[in-house]
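Visitor: I'd like a close look at just one part of this model, please. Pick a spot, start there, and show me what surrounds it.

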Amino acid sequence: MRFFDAAATREALAFATLIPSLKKAFIKGCEVPLRHSHTIDVGDDKTGTVLIMPAWEADRYLGIKTVNIYPGNHARGMPGLHSTYVLFDARTGEPLAQMDGNEITSRRTAAASALAATFLARDDSSRMVLLGAGRVGSLVPAAYRSQLPITHVEVWDINPESAARLVQQLQGEGFDAAVVASLPDSVARADVVGCATLATESIVHGSWLKPGTHLDLIGSFTPQMREADDDCFRNARVFIDTDEAPQKSGDLIGPLSRNVMSPADLSGTLAALCRGAVRGRLHGSERTVFKAVGTALEDLAAAAQVYEKHV
């Protein structure tokens with residue numbers, strides 16, 4: 001059984017190769033059962049949560065991601081989330097490798113958004129506004145640049161210092177990057193608006209979006225979370241990563257419950273886009289929205305790439 005730490009996992013997941021790997025995985029498909037969630041009482045009225053997320057291709061690999069969420073760790077000066085990924089041979093059950101689950105999750109999340117953008121953003125998109133300067137958000141510009149001519153990035157974060165640090169990092173990566181001075185103005189001139197936050201109230205307004213904009217909603221993976229207001233979904237073609245998204249994301253639960261849109265208004269999944277079963281962007285002036293909540297299929301594809309890169 002091989003062991004790949006964070007650096008080795010990251011090194012094997014270059015976006016130029018990971019995004020095509022995800023596309024192949026969405027085309028082929030795999031078995032993805034519902035995730036298991038368990039609460040652990042750790043005393044002092046504090047709890048931890050363990051998420052267990054399996055996926056497999058019967059003729060190839062079986063993978064299990066374990067995510068341990070312990071909010072009380074912040075008081076101990078420790079990260080509140082730890083994640084590992086174990087890859088097996090699905091034909092025999094033999095353990096093949098353990099790898100860093102945080103790197104798997106963050107890089108496949110950014111890669112999936114960039115994959116969707118290849119179908120939904122304009123081919124000439126060069127200006128991005130990024131909301132959220134955390135682990136996933138910091139990877140989104142590079143993931144997009146591997147597929148589209150993104151050169152300008154403006155960054156907003158609820159913590160201005162985090163936004164400034166990410167701008168400095170992006171400048172070092174060759175982007176023309178700046179901190180957002182006025183969010184409405186920045187969004188209004190963007191070709192792509194990417195959101196990777198933990199917001200529970202909308203921070204992007206549809207009235208700010210110009211015709212032809214692609215809105216990428218990465219946060220809001222629970223019913224309580226929300227990044228976009230109702231107007232973001234009006235007069236836009238809306239795509240989702242999986243059929244579970246309308247039940248998991250507050251960004252979709254809210255507009256659906258208020259009849260801003262109906263399930264029939266959802267234009268298709270990422271798998272349908274990859275397989276050519278639905279059309280992506282139809283013309284340069286339409287607005288598109290992609291709402292993702294994540295899937296263990298992406299984890300399995302990323303883990304397989306890590307393993308095959310190193311063996």
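**One helix and what lies around it**

Guide: Let's start on the outside of helix α2, where the face turned away from its buried side carries the exposed residues Ala16, Lys24 and Lys28. Here "exposed" is over 50% relative accessible area, "buried" is under 20%, and partly exposed is in between, using a 1.4 Å probe and protein chains only. Before going on, keep in mind that this is a predicted model, where local features need pLDDT of at least 70, side-chain atom pairs count only at pLDDT 80 or more, and totals for chains, interfaces and linings use all residues. Residues are numbered from 1 along each chain as its sequence is written, and side-chain values use heavy atoms, with hydrogens and water left out.

Now flip α2 over. Its buried residues are Phe15, Leu18, Ile19, Leu22, Ala25 and Phe26. They sit on the same side of α2 because they cover an arc of only 120° around the axis, the arc being that of the directions from the helix axis to the C-beta atoms. There's a general reason behind such patterns: an α-helix has 3.6 residues a turn, so residues three or four places apart point the same way.

α2 itself covers residues 15-28, with 14 residues reaching 20 Å from the first C-alpha to the last, close to the expected 20 Å (1.5 Å times one less than the number of residues). Helices (H or I, at least four residues) and strands (E, at least two) are DSSP runs, numbered from the N terminus. Right after α2 comes Gly29, with a positive phi of about 80°.

What covers that buried side? The cover includes α3, α4 (140-145), α9 (270-275) and α10 (296-310), where contact means heavy atoms within 4.5 Å.

Let's follow α3 (residues 101-120) next. Of its 20 residues, 17 are buried, so α3 is mostly covered. Its span from first C-alpha to last is 28 Å, close to the 28 Å expected. At its start, a side-chain oxygen of Asp100 comes within 3.1 Å of the backbone nitrogen of Asn102.

From α3 we reach a sheet: this helix lies across β4, β5 and β6 (95-100), and runs at about 90° to β5. Axes are lines fitted to C-alpha atoms, for helices over the stretch in contact, with angles from 0 to 180 degrees between N-to-C directions. The sheet is open, with six strands in the order β1-β6-β5-β4-β3-β2 and mixed pairing; two strands pair if DSSP finds at least two bridges between them. β1 (2-4) and β2 (36-43) stand at the edges with a single partner strand each, so one side of each has no neighbour in the sheet. From one strand to the next, the twist averages 15°.

Inside that sheet, β3 (residues 46-56) and β4 (residues 61-69) run antiparallel and are joined by eight bridges. Ile52 stands opposite Thr66 in β4.

Last stop: Asp89, in strand β5 (residues 81-89). Asp89 counts as buried because its relative accessibility is 11%. Leaving aside residues up to four places away in sequence, Asp89 touches Arg60, Glu94 and Leu96. Its side chain also reaches the backbone nitrogen of Arg91 at 2.8 Å.

Notes: A polar contact is a pair of N or O atoms within 3.5 Å; within protein, one must be able to donate a hydrogen and the other to accept it, and residues adjacent in sequence count only if both atoms are side-chain atoms.
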